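Could you walk me through this model in my viewer? I would like to know what to select at each stop and what I will find there.

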Amino acid sequence: MQTVTLTRQGQVAIASLDNPPVNALSAALRADLLQALTQAMAEAEVTALVIAAQGKAFIAGADISEFGKPPAPPILPDLLAAIENAPKPVVAAIEGVALGGGLEVGLACHGRVASPAARLGLPEIKLGLIPGAGGTQRLPRLIGAAAAFPMMLSGEPIPAQKALTLGLVDKLVEADAVGAAVALAQELAGKGTPVKTSARTDKLTESERAAFETLAKDALAKSGEMPNVAALVEAVRGALTLPLAEGLATERALFVKLLGDERSKALRYVFFAEREAAKVPGIDDSVKPRPIARAAVIGAGTMGGGIAMCFANAGIPVTLIETTQEQIDKGHARVRDTYGFSVKRGSMTEAVREQRMALITPAVGLAAAAEADIVIEAAFEEMGVKREIFGALDRIAKPGAILASNTSYLDLAEIAAVTSRPADVLGLHFFSPANVMKLLEIVRPAGVANDVVATAIALGRKLGKVPVVVGNCFGFVGNRLLEARTRAAERLLVAGALPHEVDAALTGFGFKMGPFAMSDLAGNDISWRSRKARGKSAAVADAICERGWFGQKTGRGYYRYPEGARAGERDPEVEALIAEVSASKGVTRRSFTAEEILARLLDPMVNEGARILDEGIATRASDIDTVWLNGYNWPAWRGGPMHWADSVGLDAIVKRLEQQAAESGDASLEPAPLLRKLAAEGKGFASLRA
Ligand code: CAA
């Protein structure tokens, strides 16, 4: 298929890109664009060329799916050199996004026109990379390193208006960006040989360099595990100190090295995993989502308030409902305060806060849900409470309204069964804090209608979430893996490890917090109550709760929290208590290396993931990863638990689990059939993809 069409407007040729969905710079597009450029330059009557695009994006960058394959010519740097060195001016007409290689195309042009809705950015850093086609060399020359470096470091696109202020685009036009680009191209053609961005030196000043070095120092100090920050600093420094050809060569070498880095591979895997998650069996484009113009949230606790904020942030009016005036006043005030933190931090204006608050209507009593197109229940986590609410909602909600529960564990089919419209009932599991965490687990009980699931997916995206559709079972996907890890952490304590050792193994792996620090923060009593309700026990965790050591809120948990301290300190009494538990079970305590601890924590999660796949609760292994990356802060550069398992090798995991199962007599540690099968075949979870 031809991806570029060449037309003419007077003496200006227009190369129009058409490579759906986002005009990624695939090998075909690169070849077609080079061909169009060559043709336009060869035609005597053509004085200039405009590069424009069909569809929602100008160019979304390199085709990420081609990374890792041998590069097909023309490679992007060569195409850009051809554009920049063209004898006639080339102007970019940027509508929609110009990202990564897409912005680099723009930078190689001799002029840039944008529409107000355009967004321009170099997001490579988020994929563990750096710009690889001259972005680190041309952007500092065009707008100065002090503005260019933060853009590349954050990877966040900037709006067209800001790009105009920075000098990244020459003109902003409300309508007909292509027409304006043609006019600019004609104007440049009248001025003789086009000026190359890479030939500019006016921004390569000493003060820009000093400002960049200050920013670079700060960035390096915060770079953590990611090697691409240092690479970015080196490349940008090259722009300021090296001749262009050397700067470009340095950038390319750094880029190619990062392409092979496991951390970057994991981040690219995550990019596609998140998009893949939105593809759900039985739900294609023919299933039309229901319109959602108004929502209601039942329960104005931390969770309900956070969910209401998600709607307000997306511009959807929402009624926040409680049972008493006092409770709704409290919940409503908490939402206002939460926005207040953003105002104080400077990330939100007072006016925006008021706009958002105006979209949230506080109300008492379920009758206020009558007008909502979707009702999300975020009340107490108890089946009796849920049944009562859904029974009432069945009478109150308008026909066709979607009835959702935010339950973290409970059976959606049982909840749906109390209504006369089970096809409209599903789970929408938000993660705390709901206005921040990206994950939305969409729980699909057997009887729910496909258009209800499609609505939930579309709504999730509108709310800025990463939706993942999962099956209906106790704990769904995320909390089943969490429970496997929690039990593993308890087993480790009994066997000889201490809380700080377990936590350190996990933070060393890249998590922000270990399981015990996390439990102390959330409140140890929460899981204690849940264990008791299910007739389960955990010797150490129960003993700690029996002493009232519920975590940070009581000043003691697995750690001690002296007045004002946020980080816990080791507690000799807790450590003695753990030793007592081991003794009471006849366990001779032994020490564990961080590596052993990590394997004992993560292997059971992978095992549970394999069971989840076998049961069809998750559609694909990458969905499990997407859940843990966006809901449980699994470090993105590690790609998620199933991706991690593939990188370790399933055979090694099976052997370790077998050994642990034999040692402990705990049948839940026996490798799941799917895990055994894949390991025996020498395959990974990635091989399950169709
Ligand atoms: N390469 C390949 N496919 C891409 C892509 C890319 N750069 N960007 C998006 N896509 C695909 C997505 O996988 C998705 O495909 P499916 O529909 O089959 O799932 C489709 O395009 C639409 O994407 P989204 O669902 O994300 O649509 P959106 O409208 O929400 O967002 C977007 C569009 C803002 C362009 C977003 O997709 C995005 O941010 N893309 C990545 C941009 C990026 O990181 N570019 C830099 C690449 S690295 C680079 O460019 C280096 C270099 O040149 C040397």
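Start at the ligand and select the 22 residues around it; in this predicted model, Gly61, Ala62, Gly100, Gly101 and Gly132 come nearest. Now colour that shell by class: you should see 13 nonpolar, 5 polar and 4 charged residues. Two elements to highlight here are β6 (97-99) and α3 (101-108), each of which supplies at least two residues of the shell.

Keep β6 selected and bring in its sheet. In what order do the strands run? The open sheet has 4 strands in the order β4-β6-β8-β9, and the pairing is mixed. Click on β4 (57-59) and then β9 (158-159): each has a single partner strand and stands at an edge, so one side of each has no neighbour in the sheet.

Next, zoom in on β6 and β8 (residues 119-121), which pair in the parallel sense over 3 bridges. Label alanine 98 and look across to leucine 120 in β8, which stands opposite. Then switch α3 back on: this helix packs on the sheet and touches β4, β6 and β8. Line up your view along β6 and you will find the direction of α3 at about 90 degrees to that of the strand.

Finally, zoom out to the whole protein chain, with its 28 helices and 18 strands. Its radius of gyration is 28 Å, close to the 26 Å that the globule rule gives for 690 residues, so the chain is as compact as a globular protein of that length. The C-alpha trace spans about 90 × 60 × 55 Å along its principal axes. Colour by burial as a last step: buried residues make up 49% of the 690.

Notes: Residues numbered from 1 in each chain as written. Predicted model: local features only at pLDDT ≥ 70, side-chain atom pairs only at ≥ 80, totals over all residues. Near = placed C-beta within 6 Å. Nonpolar A, V, L, I, M, F, W, Y, C, P; charged D, E, K, R; others polar. Pairing = 2+ DSSP bridges. Contact = placed C-beta atoms within 7 Å. Axes fitted to C-alpha atoms, helices over the stretch in contact; angles between N-to-C directions. Rg over C-alpha atoms; globule rule 2.2 N^0.38 Å. Buried ≥ 20, exposed ≤ 12 C-beta atoms within 10 Å, placed from the backbone.
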